[in-house]
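Here's a look at one helix and one strand, and at what sits around them. Have the model open while you read.

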Amino acid sequence: MAGFGVRSEERLATCEVRLQELFREVVTHFDCVVLCGHRSKADQDAAVRDGKSKTPWPKSKHNPVVSLAVDVGPFDRPAFPIDWEDRERLSLFAGFVLGVSRIRGIPIRWGGDWDGDTQVKDNDFDDLVHFELIS
Ligand SMILES: [Zn+2]
């Protein structure tokens, strides 16, 4: 049974308990890595500057002290930790996460389908490792 490494656990610990529950379940089936939980003002400013986020501090769901968003991607050994070019695999992983979240009753939104219509080609800003609580 797979589990998270130390860095992933540290990042996940900054997130709302339902996100922790969700991804602790996910990782037992689909090896993955937590890239970001809570984001400080400096980190958020950098994310916006680098084009990784469109949301200025403090409006991102990564910004509350208990983060309402988490960035998690499928672990990829050759392209460690994640193959950012492999949109299909990122989407496969996200579909798995969405399935587990639905079964567990944890309402989340994925950054590859912001409007939640299950269509992925109409997404105007891809953030394929981003998952956030809807409520
Ligand atoms: Zn994110």
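Two strands count as paired if DSSP finds at least two bridges between them. This is a predicted model, and in it β1 and β2 clear that bar, pairing in the antiparallel sense over four bridges. One of those partnerships puts V33 with G73 of β2. β2 also runs antiparallel to β4, joined by three bridges, with V70 standing opposite F131 of β4.

So how covered up is β2? Six of its six residues are buried, so the strand is largely enclosed by the rest of the structure. Both faces are covered: A69, D71 and G73 are buried on one side, and V70, V72 and P74 on the other. Side chains in a regular strand alternate between the two faces of the sheet.

Now for helix α4. It takes in 18 residues (87–104), which at 1.5 Å a residue should span 26 Å; the end C-alpha atoms are 25 Å apart, and that agrees. Its two sides look like this:

| Side of α4 | Residues |
|---|---|
| Buried | L90, F93, A94, V97, S101 |
| Exposed | E88, G99, R102, I103 |

The buried set L90, F93, A94, V97 and S101 covers an arc of only 100° around the axis, which puts these residues on the same side of α4. An α-helix has 3.6 residues a turn, so residues three or four places apart point the same way.

What do the buried residues of α4 pack against? The list is α2 (17–27), β1 (32–36), β2 (69–74), β3 (108–110) and β4 (130–133). Just after α4, G105 takes a positive phi of about 70°.

Notes. Residues numbered from 1 in each chain as written. Predicted model: local features only at pLDDT ≥ 70, side-chain atom pairs only at ≥ 80, totals over all residues. Helix = DSSP H or I, 4+ residues; strand = E, 2+ residues; numbered from the N terminus. Expected span 1.5 Å × (residues − 1). Buried ≥ 20, exposed ≤ 12 C-beta atoms within 10 Å, placed from the backbone. Arc of directions from axis to C-beta. Contact = placed C-beta atoms within 7 Å.
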